[in-house]
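Mind going through this chain with me? I'd like to start at an annotated site and end at a strand.

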Amino acid sequence: NDSACTVDSYGLSCFSPASVPQLTNSPTLIVMVGLPARGKTYISKKLSRYLNWIGVPTKVFNLGQYRREAVQSYKNFEFFRPDNEEAMQIRRACATNALEDVVIYFSKEHGQVAVFDATNTTRERRISIVSFSKEKGYKVFFVESICDDPNIIAQNITEVKVSSPDYVNCDKDEAQADFLKRIECYKQTYVPLDDEKDRHLSYIKIFNVGSRYLVNRVQDHIQSRIVYYLMNIHVTPRSIFLSRHGESELNLLGRIGGDSGLSPRGHKYATALGGFIKGQHIKDLKVWTSHMKRTIQTAEHLGIPYEQWKALNEIDAGVCEELTYEDIQENHPEEFALRDQDKYRYRYPKGESYEDLVHRLEPVIMELERQENVLVVCHQAVMRCLLAYLLDKTADELPYLKCPLHTVLKLTPVAYGCRVEHICLNIEAVNTHRERPGNVDITRNPEEALKTIPDHF
Amino acid sequence: MELPNMEYMMRRRCDSAASVPQFTNSPTLIVMVGLPARGKTYISKKLTRYLNWIGVPTKVFNLGQYRREVQSYKSFEFFRPDNEEAMQIRKACASNALKDVVIYFSKEHGQVAVFDATNTTRERRVSIVSFAKEKGYKVFFVESICDDPDIIAQNIADVKVSSPDYLNCDKEEALADFLKRIECYKQTYVPLDDEKDRRLSYIKIFNVGSRYLVNCVRDHIQSRIVYYLMNIHVTPRSIYLSRHGESNMNLLGRIGGDSGLSPRGHKYATALGTFIKSQHIKDLKVWTSHMKRTIQTAEHLGIPYEQWKALNEIDAGVCEEMTYEEIQDNHPEEFALRDQDKYRYRYPKGESYEDLVHRLEPVIMELERQENVLVVCHQAVMRCLLAYLLDKTSDELPYLKCPLHTALKLTPVAYGCKVEHVFLNIEAVNTHRERPGNVDVSRDPEEALKTIPDHF
C-alpha cells in the first residue's frame, strides 16, 4: 500500500481535505504587513489557532518578542525612529533570528505554516523575505492590514498595547502617547503592497477590519482556505454560549451515543437554561442544535427559534453505540485500550474519531465566526472540539476537556483570546467524564481499564 | 415529552451549514457587471449550478435572451448609445427580466436570482439597487474586468461566434461585429467605484481570477459565493470519474459494506490503469475514498493517490450489506419511502443523497481548484458529483446511470461539460435500480422488487 499517503498505526489514512492534506509539499510563510495597532497580532494568533485546529501545524513568530529579548527594557518610541542606526541593527538582527527559527520550525519540527508577525512595512524588508523564501523553497503569502479609522486604532491601543510588557511601568496616558509616536515613526517609511509593482506576489489586503478585501494571486489550497477564513472573521463584540443537552436517559444508564430523550432532570435543566438565557438579555441570539432528540428537546424549552445541524451530532461510536464502558471492556477490550492510547486519533470501528469530528465541525466553526451571539446546544465530544478551537487547546488536551452536563459556558472574545465563564445551573446530573486511566496497555486487567469510569445507574 | 411528528420535522430541517440554511430570509439578487465577452454568462451559469446543487434555489435571468425574444439581431448598431429606439427596447427588456425575478422569488420559492446583463452604467445599477431595496432583496454585484485581448478573443471564439445573434454570419463577420458591439458599451462603461460604491456589496474579478476586490460581504450566502468564485478557474483540464472495480458485495447484490474487489474488479482496475496511461494526462491527481474497493482500484494505477473520507459511499444505516430482497423483507415500509423520495430519504441510522451532497461540497470545491483529476468512488457519490458537473436536478440525481467498469471523462467546454463514456470492456454486474411503478407503502413485494438488478 505504499503509493498511498501516510497510513497510521490503525491502518487509517490521515487525510481528508476538510483539513489540509499534504497537497502542499512546500511550507508556507505568511507575512503580516501593517502599521502598529492594525490587528496583525490578533490576526496572526487567530489564524494560527484555526490552522492548528484543522490539523495544519502552524506557529507565530512575533518580532516584538524577539526585540524584547534582545533589548531587555523598552525606554520609549525613540527606539523606532528610522534614523536610529543602532536600533536598526538590532531590529534587523532580530528579524534574521526569527527567520532562522522559521527554518528550524519547518525543517526539524514538522511545521507547515509559519506566521511572521511584524510590521514588514518597507518594500526592502519584504523583498528580502521573498528572496529568503525562494531560496528555501517556501511559499509566501502576505496579509496586509490597512486601517485609517482613528477609533479602531485607539480601541486597539487601549486593549492590547497599553498593557504590553513594553509599558509595564507607565500609566495609561503615557503609554498611549508614546505608542502614537511609535506609529508615526513607522508611517514615515511605510510603503503598502502596490497593485502594480507587487502584482506577482500572493496577498490579501484587509481594509478597515474587513469591510473590504483585495486578494491577489492565491496559489494553492491552503492560501484559499486562509483567505476564506480571514474574510469570515469579525471583531464585533459578541458572546458564544456552549451547552450540552440536558441529561439524557442513556446518560443515566452510563451508555454512550444513541438517540435517547431527556431524563426528568434533563428537562429541568432545559427549563433552567431557558431562564438563564432570558436573564442574559442577549441581542439577536441564534440557537443551534444537532439532529438528535436530546439537543432538540433541550432547545424546545428555550422558546426561541433554533436551527438543527447534522454536523453537530455526537461522535459516532460505531460498534460501541449504546454500550456502557463495562460492555465495551467486555466486548472490545483491545479497542478500549487503543482508544486510551490515542483518544484524539482513535476511530471506533464503523464510527468516528475526534479527528473526524473536527473535520465535520469545520463549517460550524466558520459559521460561528460569521455570526454574533450564538448558543450551541450540543454533545460532549462535539463541545470538546468547539471549545478546543475557541480556547486554543491541543489535540492531546481536546478529548479530555471537561464539559459536564448542566453547565453553560459563556465565551467572550477579549484581547487576543477568549474569556470563559462557567455557569452551573444547579440541577443535578450524572458525571460523564472519563479520565485517561494509568494503564493504557492492551494487556491490562479489566479493573485497570474501568478505574476511571464515572458512576451510573 | 415526545417530539411532534418526527417525520414532518425531518422534512423541515435546515441542514448542516455545508448547504445554506434559512439564515437569509431575504432573497438575494446577484447583479453581473462587465463589458461583453468578460465571462458574465459563464460565471452566472456556473454559480447557479453550484448554488442549486448545494440546495439554494437559483435561476439566471439573461438579458440577451429577453432581447432576442423581442428583436431579431441585425448588427452592432442596435447597441449604439445614441440609438434611442433600441434603448427603449433594452430598458423594457430589463424591466421584464426584473418582473420575472419578482415572480421567481415570490411565487416560485427562488432564493437567489442572477441578473446576467452588462449593467455597465451607474444609472442602471442605481435603479436596480432601488428596485431591490423596495422589494426587500439583498444585492450582490459581481463585476468581471478583463483587459487581456487574448482572453477576450478566446471568449468570443468559444461562445459569441456561435450565438443565435450570428446564425447567418461567417466567423469573421461575427467577430468583427462583436468587437464593434463591445466598443459601443465601452463608451458608457463606468466600473464599480472604490469610493462612490463603498456601501455596495460586491466582488470585482480581474483577469479571470488573478486578483479580486471584495467589498462589504453582508451574509453567509455572499461569503459562500465569494469563496466559490475565488476557487474556480478556466484553465483547460479534464475530470475523470470512475467507480471502484466490481466488488465481492456487488456480485452478491448487497449494498454498502467494505468489501474488496472481485477478480473482474481487479481486471478493471488494471484496464483503468492502462487507459489512464494512454491518455498522457499532465499532473493527474487521483482521489479515492477510505473504502477498500476504491483503494484497491487505485493501487493498480501506479500513481500516488489521496484518500478522502468524504468520498465514502452513502451510509445505508440499518440496510448496510443487505440485498434489496432482504430490505423488502425486513424494512418494506422504508423501502417504499425511499422510492417515494430517493433524494431526501435517509436510511435509519444512515444517510440520504441530500446528506451526501453536503459532505461532498468540500470535494467539489477542491475539484474546482484542481486541474486534471481522477476520482475513484462509489455509485451514489458519483451520481452526486455528476449531477453537480452536468447540472442535474435533485429528482434526476439518484437515478443517474453510473455503471461499473465505465470511466467518464468530463471536459469543460463553453458553458457546460463535454462527457465521454469509456467502457473498458470488462464484464460486471449491473447495480442500477430504476424507480418501480408502485411506490406505495402498501405495495406487494413483487412490485417493490420489480426493478432490482440481477446478482449471484
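Below are some questions on the site and the strand, with replies.

Me: Before we start, what are the ground rules?
Reply: Residues count from 1 along each chain as its sequence is written, with chains lettered from A and ligands numbered from 1 in the order written. It's a predicted model, where local features need pLDDT of at least 70, side-chain atom pairs count only at pLDDT 80 or more, and totals for chains, interfaces and linings use all residues, while side-chain values use heavy atoms, leaving out hydrogens and water.

Me: What is the largest C-alpha distance in the "binding site" that UniProt lists?
Reply: That unreviewed entry includes G246(A) and R294(A); such annotations may be inferred rather than shown by experiment. The listed residues spread over 51 residues of sequence but cluster in space, with a largest C-alpha distance of 14.0 Å.

Me: Is G246(A) buried or exposed?
Reply: G246(A) sits in the loop between β7 (240-244) and α8 (249-252) of chain A; helices (H or I, at least four residues) and strands (E, at least two) are DSSP runs, numbered from the N terminus. Its relative accessibility is 0%, so with the cut-off under 20% (1.4 Å probe, protein chains only) G246(A) is buried.

Me: How many bridges join β11(A) to β12(A)?
Reply: Strand β11 spans residues 407-414, six of its eight residues being buried. β11(A) pairs antiparallel with β7(A) over three bridges, pairing meaning that DSSP finds at least two bridges between two strands. With β12 (residues 417-424), also antiparallel, the number of bridges is eight.

How values were computed
Buried < 20%, exposed > 50% of the residue type's maximum accessible area, 1.4 Å probe, protein only.
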